[in-house]
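The following exercises are to be worked with the sequence and the coordinates at hand. Each task is followed by a solution in steps.

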Amino acid sequence: MAIITKTFTYEGGVRLAEVPPGTTLLTMHLWAGAGGGGGNDVGEGGSGSAGTYVTKTDLDMTAYAGVKNISVSVGGGGASGTSGAGADGGANGKSITNYSGGKGGDSGGDGPSGSGGGGGGATVVTVFDDGAAITQTVLAVAGGGAGGGGGGSYTSGGTGANTN
């Protein structure tokens with residue numbers, strides 16, 4: 001059987017495709033969205049961490065006989081934090097429901113400080129039957145990166161850490 005290669009990039013939504021008839025093996029290389037950097041104020045905000053990289057090789061697709069559809073949701077990068085008292089934290093990196101990154105923490109209400117960066121969105125690959133939820137069977141997930149801490153008057157923000 002011929003080898004088919006498909007590349008998906010972040011577009012802010014879910015990409016759907018049909019599983020080609022006769023597919024027996026599937027190999028995936030997934031990268032998730034990075035976390036946003038913390039907001040700079042008097043101190044420097046910390047850097048967000050990279051999203052994880054996951055490889056799944058030679059997944060036996062015969063175990064999912066009859067499944068006709070595959071979905072790919074590439075996680076987006078978290079937004080950077082901003083500066084100023086009471087500043088909103090960075091927005092999360094979008095993905096499918098329950099797989100988006102977390103919103104960065106708001107800055108303190110008094111004095112100069114930066115808010116935290118948003119967490120990166122996860123990259124998720126699923127298979128599903130016609131008429132079923134796209135999350136029917138999750139094949140692989142690469143977790144999003146952590147957002148960096150915001151900088152303040154007396155400290156710099158911490159670097160986001162992704163321990164997956």
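## Exercise 1: Salt bridges

In this predicted model, a search of the whole structure finds two salt bridges. Identify the residues that form a salt bridge and state how exposed Glu11, Arg15 and Asp106 are.

Solution.

Step 1. Side chains of opposite charge can pair when their charged atoms come close.

Step 2. Glu11 pairs with Arg15, and their closest N and O atoms are 3.2 Å apart. The other bridge joins the side chains of Lys103 and Asp106, with an N to O distance of 2.6 Å. Both distances satisfy the cut-off of 4 Å for a salt bridge.

Step 3. Glu11 has a relative accessibility of 55% and therefore counts as exposed, since the class begins over 50%. Arg15, at 32%, is partly exposed. Asp106 is likewise assigned to the partly exposed class, with a relative accessible area of 47%.

## Exercise 2: The aromatic pair

Determine which rings form the aromatic pair and classify its geometry as stacked, edge-to-face or tilted.

Solution.

Step 1. The count comes to one aromatic pair. Its members are Trp31 and Tyr53, whose ring centres lie 4.6 Å apart.

Step 2. The ring planes stand at 40 degrees, so the pair is tilted; a stacked pair would need planes under 30 degrees apart, and an edge-to-face pair over 60.

Step 3. The pair links distant parts of the chain, with Trp31 in strand 2 and Tyr53 in strand 3 (residues 53-60), 22 residues apart.

Step 4. Trp31 is exposed because its relative accessible area is 53%. Tyr53 has a value of 43% and is therefore partly exposed.

## Exercise 3: Strand 4 and its partners

Describe how strand 4 is covered and with which strands it pairs.

Solution.

Step 1. Five of the five residues of strand 4 are buried, so that the strand is mostly covered. Asn69, Ser71 and Ser73 point one way, Ile70 and Val72 point the other way, and all are buried.

Step 2. Strand 1 (residues 15-18) pairs with strand 4 in the antiparallel sense over four bridges. Within this pairing, Glu18 has Asn69 as its bridge partner in strand 4.

Step 3. Strand 5 also pairs with strand 4 in the antiparallel sense, over five bridges. Here the bridge partner of Ile70 is Val127 in strand 5.

Step 4. Asn69 is buried, its relative accessible area being 12%. The side chain of Asn69 makes a polar contact of 2.8 Å with the side chain of Asp130. Beyond four places in sequence, the contacts of Asn69 include Ala17, Glu18, Val127 and Phe128. By contrast, the C-alpha atoms of Asn69 and Ser100, 31 residues apart along the chain, are separated by 22 Å.

## Exercise 4: Two threonines of strand 5

Establish whether Thr123 and Thr126 are buried or exposed, and trace the polar partners of their side chains.

Solution.

Step 1. Thr123 is found in strand 5 (residues 123-128), and Thr126 is found in strand 5 as well.

Step 2. The relative accessible area is 3% for Thr123, which is therefore buried, and 0% for Thr126, which is buried too.

Step 3. A polar atom of the Thr123 side chain lies 3.1 Å from the backbone nitrogen of Gly75. Contacts of Thr123 more than four places away include Leu30, Trp31, Ser73 and Ala140.

Step 4. The side chain of Thr126 is joined to that of Ser71 by a polar contact of 2.4 Å. The Thr126 side chain also reaches the backbone oxygen of Ile134 at 2.5 Å. Among the further contacts of Thr126 are Asn69, Ile70, Thr137 and Leu139.

## Exercise 5: The nonpolar core

Determine how many residues the largest nonpolar core has and which strands supply at least two of them.

Solution.

Step 1. The largest nonpolar core has 16 residues, and those with the most contacts inside it are Leu26, Met28, Met61, Val125 and Leu139.

Step 2. Strand 2 (25-31), strand 4 (69-73), strand 5 and strand 6 (137-142) each supply at least two residues of this core.

Step 3. Leu26 is in contact with residues including Lys56, Leu59, Met61, Ile70 and Leu139, when neighbours within four places in sequence are left aside.

Technical notes:
Residues are numbered from 1 along each chain as its sequence is written. This is a predicted model: local features need pLDDT of at least 70, side-chain atom pairs count only at pLDDT 80 or more; totals for chains, interfaces and linings use all residues. Side-chain values use heavy atoms; hydrogens and water are left out. Buried means under 20% relative accessible area, exposed over 50%, partly exposed in between (1.4 Å probe, protein chains only). A polar contact is a pair of N or O atoms within 3.5 Å; within protein, one must be able to donate a hydrogen and the other to accept it, and residues adjacent in sequence count only if both atoms are side-chain atoms. Contact means heavy atoms within 4.5 Å. A nonpolar core is a set of buried Ala, Val, Leu, Ile, Met, Phe, Trp, Tyr and Cys residues joined through side-chain atoms within 4.5 Å. Two strands pair if DSSP finds at least two bridges between them. Rings of Phe, Tyr and Trp (its six-membered ring) pair if their centres lie within 6.5 Å; planes under 30 degrees apart count as stacked, over 60 as edge-to-face and the rest as tilted.
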